[in-house]
Amino acid sequence: MTTIAKVNATALIADDEPLLRERLRGHLARLWPGLTIVAEARNGREAIELFEQHAPQIVFLDVHMPGQSGIEAARAIARKAQIVFVTAHNRYAVEAFEHGAIDYLVKPYDETRLADTVERLKSGLVRPNAESGAAIDAALERLAAELERRGTPSAPARLQWIRASVGSSVRLIPVEQVIYLRADEKYTLVAWEGGEALIRKTIRELVDELDPQKFAQIHRSVIVNLHQVAQVQRGINETAEVHLKGRSDVLPVSRSFVHVFRQM
Amino acid sequence: MTALATDIGSRTKALLLSVFTWKRLLFTVVTVVVITALVQPIFFTPYHELVWQLLAIALFVQLAFSAGEYWALPGVPRWVAQVLAVVLAGPLATLLLQLALVGGSWSAFVGHRGMVHGFFVVTVLVLVFAPSMALGALYRQRDAQAQHDALAFALEKSELEKQALDARLKLLHAQIEPHFLFNTLANVQELVESGSSLAAPVLRSLIAYLRAAMPLLDHIDATLATEASLVRAYLELMHLRMPDRFAFAIDIPPGLAGLRFPSMALLTLVENAIRHGIDPAEQGGRIDVRAERLVSGEVRVSVADTGAGLLDTATPGTGLANLRERLLVFYGSGARLELAENVPRGVLATISFQG
């Protein structure tokens, strides 16, 4: 016990909120006078930089930080220090933390909870557990996967916004509001619920980026929002015409794209 | 067949259980004891024998009353069947009892003047008391039924109220992010513990925000001013948390402050600006909330941030789609919500309506 009580160590605190860094620093000073805070970081990138600069034994990492998250920083630091995550996200962290490989604090935490963490950190420094490295890596993998799952859908990222110049500003048009897109000499014409606009992206680029469940190319130069189609009329020579809901525009369907509507 | 037999069996069991509850038995016994005491002077039979005889009759009548409840004839109202059963069972029970007393001999019964006399007296007694008591019991039953119905109704009502409240809470939960609330509370905790003079104003902002955010969910009297104060409380809290990388300004001209405005609409835009613009940007940024009236009379309320900007592939949350719908419902088809790139960076969200 005496060895543990006297443990001296160095630590890094990373949190984007200054008051919370201050709070953690204050509590740690009281609970663990032998601990020196060698640096404070405001985001994941700074945390990694400062870690490499100071090589502290302990890193307190806020999970949710701008730029690189605490979890990304933890993966970079990995086994070189003891990591304690600090998070207000009770739900997504706890499951991954439950396996016990990594300690965590849920904000707002109280001093007793922090005291437990301090005790664990001290005994970890005195008796490093050689087997825990793999467990830490596994826990970080799970956390990163969880963060990924929450942040961005696992499906390939589809175009959700069309940037179009309208007057002097660049409008962000949600693709749901787009009715059709048609090649127009150098530009592409976007017809949407709020009017028409020209963009530089080509039909070919757009076909690849838009969600094929919602948009279909029906002509070399035309993409239509399938939800906006009122009916398809067969024409001569295996072509067709698309009539739109509540609009008088008629779009051509060329022979090579008629199959789009075959099973409808 | 078996089903019918089981049905009759279970009905009989239910009947017996309902007849011979302690409460009912006690009531019958007390009534019989009292009535016997009252009528005893006109009988030759000693009191203790008369009590047993009348009690036997009373129990039989009670059984008939309950039987009327369980085997009501189709087309006959239940209470009629029950009173009828009582009227018929009274004389029948008396007769059977008298016959039993003389060993089952009809001639012995008819030949005994006292017996016949007793039969008539008891029959009259039963016919006087039993139907009125039956009616009284029926009345009480109906009362109990009404009370039961009222309770069931109250229960259902409170259940519905609870559901409505749950729905509101869910909405609230969706609106006030736990992440925001707990992080803010963690900040407040530090301010309080360190004895900072900021603690009081920050708590004031938090309270103002919560107070405004909670009842406003379905508030139809919201104005641009009430919405602006909600947004201000929220932004002040965010500024407290990120003092080094976030600044904001709100400019609502006094002439527009009183305009009707859908509650939480501006807050949705400001929350988006924080979440998608300021939060992910290492350098942070600023948010400017403005309202202006164009020469055409149209009112524009905008939220501009200088944060990270929107990725082409950023999935639009349901918040914006919901807001678009709410604006149409609130202001009619002239209302619009438009997003544009802000200069030099970030996003500019604009609500336009005829106000």
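Start with strand β13 of chain A, which spans residues 229–234. This strand is hardly covered: of its six residues, the number that are buried is zero. Keep in mind that the model is a predicted one.

Strand β13(A) has a partner. It pairs with strand β14 of chain A, residues 240–244. The two strands run in the antiparallel sense, and five bridges join them. Take one bridge as an example: A:Val229 is matched with A:Leu244 in β14(A). Together β13(A) and β14(A) make a hairpin, with five residues between them. Look in the turn for A:Asn237, which has a positive phi of about 60°.

Now move to chain B. Helix α11 covers residues 265–278, 14 residues in total. From its first C-alpha to its last, α11(B) reaches 19 Å. That is close to the 20 Å expected at 1.5 Å a residue. Helix α11(B) is mostly covered, with 13 of its 14 residues buried.

One residue to follow next is B:Val270. It belongs to the largest nonpolar core, which has 116 residues. B:Val270 is among the residues with the most contacts inside this core, along with A:Ala14, A:Val59, A:Leu61, A:Val190 and B:Tyr234. Helix α9 of chain B, residues 224–241, gives the most to this core: ten residues.

Which residues does B:Val270 touch, leaving aside neighbours within four places in sequence? The contacts are B:Val231, B:Tyr234, B:Leu235, B:Ile287, B:Val289 and B:Val303. Another core lies apart from the largest one. This other core has 16 residues, including B:Ala64, B:Ala85, B:Ala89 and B:Val126.

Methods. Residues are numbered from 1 along each chain as its sequence is written. Chains are lettered from A and ligands numbered from 1 in the order in which they are written. This is a predicted model: local features need pLDDT of at least 70, side-chain atom pairs count only at pLDDT 80 or more; totals for chains, interfaces and linings use all residues. A residue is buried if 20 or more other C-beta atoms lie within 10 Å of its own, exposed if 12 or fewer, and partly exposed in between; C-beta atoms are placed from the backbone. Helices (H or I, at least four residues) and strands (E, at least two) are DSSP runs, numbered from the N terminus. Two strands pair if DSSP finds at least two bridges between them. The expected span of a helix is 1.5 Å times one less than its number of residues. A nonpolar core is a set of buried Ala, Val, Leu, Ile, Met, Phe, Trp, Tyr and Cys residues joined through C-beta atoms within 7 Å. Two residues are in contact if their C-beta atoms, placed from the backbone, lie within 7 Å.
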